[in-house]
Amino acid sequence: KSLIGLTLLPQAGNAMGTLLGGVGQDDFIHPVFPKVDFYLPDLEQGQPLNGKQRFTLTLQQGKTKILPDVTTQTIGINQDFLGPVIRIKKGQKLRMEVTNQLNEVAALHWHGMILPATEDGGPHQPISPGKTWIAEWDVINEPSTLFYHSHTHQHTGSQVWRGLGGQMQVVDEERDAELGLPHEYGMDDFPVILMDRAFDETGEFIYSNERMNKMQGMHGDTMLVNGRANSVLRPQKDRIRLRLHNASNARFYDLVFSDKRSFQVIAGDGGLLETPQTLNRLRLSPAERAEILVDLSDHQPVSLKTLAGYGNLSMGMGGMMRDTSKLDQDYDLFHIDPRKSEATKPSMIERLIPLPDWSNVEIAQTRTMNLEMQMGPRMMFGSGGFTINGQAMQMEVINERLTANSFEIWHLKNPSMMHHPFHIHNTQFKVLDRNGQAPYPWEQGLKDTVTVHRDETVRILLPTGPYYNNQEPYMYHCHILEHEDAGMMGQFIVTT
Ligand code: C2O
Ligand code: CU
Ligand code: CU
């Protein structure tokens, strides 16, 4: 039934994967690995230096045993693969010294941070091999789970895939203690960085942003949590906080526990919600985060799964794509074994924090963003085809001009055939509605990334922030990294 499928299905194994720009789907269907211990990333809290908190971050190459018996060539930040969890506090003055020891240009972006455009780490702040880039800013973000990652012009997808990314946490332990929230890193508070990767038979990553992978975004068939497949978390406490973080290039997750137990969602991208939402299912598109509280007082082992049927793999791509159902199936992401965990005082939290009241703010500007895929040979075989309002990203073009310290409403429209997670730099916004309906329960807090499903219009209310600069732009883009690299990105400056 599919054009591409018909031409290529007779090919076998990796050859087909390669021709399709695919991931060797037929060789590595739902691989099962022996269970390993949950990998807790190192915590990096910096060193005080002249009133600032100084971090030294080195982008480096390495080899990592991600799968049993083989090593994979990876890149990472201060380590072989991925980066440490960077923990900071509101009010700190940060000094990030980023040294690029790779033999390719890189950029390191602080996703979700509100900061001057010159410090943003986007495509306009490239770091050449051997060079150090210094970013300094004051943390004005609320306590939240953020994401730092490569943002190199047209190479974000490949660099994140190989490992240039990590979790960043703005924390306020006193406030968490008052609210009764678990907050001890590695004890009852855990990063859960979700990624999928594809490996060839020698254990090396497969990455291709050509053809089908460019269109559907790069997916893999091996699910990793904090960079490890099939791991088991044995928490010391029986009430835990998981900072779920979709760091995948393109995969959407539809998360449930294997026993369908409910959990409390306490925070989204930009920080705590007003009231915890008790749910048993939660969806996260690329770059979205959610913090959940999980009650393990039954001391029963349980797994976190992602369900098939959600995201771009299952859409059939208007008949253009071969049947990918084998790639789109239920997976166990990781396991939790609380049999030896200590009992904690049960506590049902009813209220968290009041969110800012923006119901009467003056709207300085309303804009529409059309997320488009221009189907045709250019999209399939050439470059381009991914646009916002008819324009593909160009480094020298400023698409929008915003005014600092104001509010805007953006209508995010998706007339294309796929779902797109839309992200805006330098802001934490409020989702007003989806096709006129209330946002999802887990979207009630502030956000920096929002899913815009096919045929949907999502309205958001965004503060433009206190920083302005006539020259240096910020980005807005689809966070399917292959779409971003292919041009579904625009630039804005914030002026006085
Ligand atoms: Cu997560 Cu423009 O980035
Ligand atoms: Cu960002
Ligand atoms: Cu997209």
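1. Is Pro441 buried, partly exposed or exposed? Pro441 counts as partly exposed, because its relative accessibility is 26% and that class covers values between the 20% limit for buried and the 50% limit for exposed. Keep in mind that you are looking at a predicted model.

2. Stay with Pro441 for a moment. It sits in the loop between S29 and strand S30, which covers 449-452. Setting aside neighbours within four places in sequence, Pro441 is in contact with Leu273, Gln277 and Leu279. Now look at Thr278. Its C-alpha atom is 8.9 Å from that of Pro441, although the two positions lie 163 residues apart along the chain.

3. Next, the copper ion (ligand 3). Which residues coordinate this ion? They are His420 through ND1, Cys478 through SG and His483 through ND1, at 2.0 to 2.1 Å. Along the chain these donors follow the spacing H-x57-C-x4-H. His420 belongs to strand S28 and His483 to helix H7, so the pair links parts of the chain 63 residues apart. Both His420 and His483 are buried.

4. His483 deserves its own look. Helix H7, which holds His483, runs over residues 481-485. His483 has a relative accessible area of 0%. It therefore counts as buried, the limit being under 20%. Leaving out residues up to four places away in sequence, His483 touches Lys214, Met215, Gln216, Gly217, Phe386, Met418, His420, Cys478 and Met488. Two names on that contact list, His420 and Cys478, also appear among the donors of the copper ion (ligand 3).

5. Now the copper ion (ligand 2). Its protein donors are His109 and His423, each through NE2, lying 1.9 Å from the ion. His109 is in strand S8 (residues 108-111) and His423 is in strand S28 (residues 420-424), so the pair ties together parts that are 314 residues apart in sequence. His109 is buried, and His423 is too. Strand S28 is worth marking on your view: it holds His423 and also His420.

6. Turn to the open sheet. How many strands form this sheet, and in what order? There are 5, in the order S25-S24-S27-S31-S29, with mixed pairing. The edges are strand S25 (386-388) and strand S29 (430-434), each pairing on one side only. From one strand to the next, the twist averages 20°.

7. Zoom in on one edge of that sheet. Strand S24 covers residues 363-373 and pairs with S25 in the antiparallel sense, over 3 bridges. Within this pair, Leu371 stands opposite Ile388 in S25. As background, strands of a sheet pair through backbone hydrogen bonds, either parallel or antiparallel.

8. The structure holds 32 salt bridges. One of them joins the side chains of Glu142 and Lys90, at 2.7 Å from N to O. Glu142 is in the loop between strand S9 (132-138) and strand S10 (144-150), while Lys90 is in the loop between strand S6 (85-89) and strand S7 (93-100), and the two are 52 residues apart. Are these partners buried, partly exposed or exposed? Glu142 is partly exposed, with a relative accessible area of 38%. Lys90, at 42%, counts as partly exposed as well.

9. Two further salt bridges have buried partners. Asp196 and Arg251 meet at 2.9 Å, N to O. Asp196 lies in strand S12 (residues 189-197) and Arg251 in the loop between strand S16 (239-246) and strand S17 (253-257), 55 residues apart. Asp196 is buried, and so is Arg251. Asp269 and Arg289 form the other bridge, with their closest N and O atoms 3.8 Å apart. Asp269 is in the loop between strand S18 (263-268) and strand S19 (271-279), and Arg289 is in strand S21 (residues 289-295), 20 residues away. Asp269 is buried at 0% relative accessible area, and Arg289 is buried at 2%.

10. One last item for your view. Which residues do salt bridges with shared partners join into one network? They are Arg87, Glu173, Arg175, Asp176, Asp189, Arg241, Arg243 and Glu291.

Key. Residues are numbered from 1 along each chain as its sequence is written. Chains are lettered from A and ligands numbered from 1 in the order in which they are written. This is a predicted model: local features need pLDDT of at least 70, side-chain atom pairs count only at pLDDT 80 or more; totals for chains, interfaces and linings use all residues. Side-chain values use heavy atoms; hydrogens and water are left out. Helices (H or I, at least four residues) and strands (E, at least two) are DSSP runs, numbered from the N terminus. Buried means under 20% relative accessible area, exposed over 50%, partly exposed in between (1.4 Å probe, protein chains only). Contact means heavy atoms within 4.5 Å. Donors are N, O and S atoms within 2.8 Å of the metal (3.2 Å for Na, K and Ca); water is not among the atoms, so sites may look incomplete. Two strands pair if DSSP finds at least two bridges between them. Axes are lines fitted to C-alpha atoms, for helices over the stretch in contact, and angles run from 0 to 180 degrees between N-to-C directions. A salt bridge is a side-chain nitrogen of Lys or Arg within 4 Å of a carboxyl oxygen of Asp or Glu.
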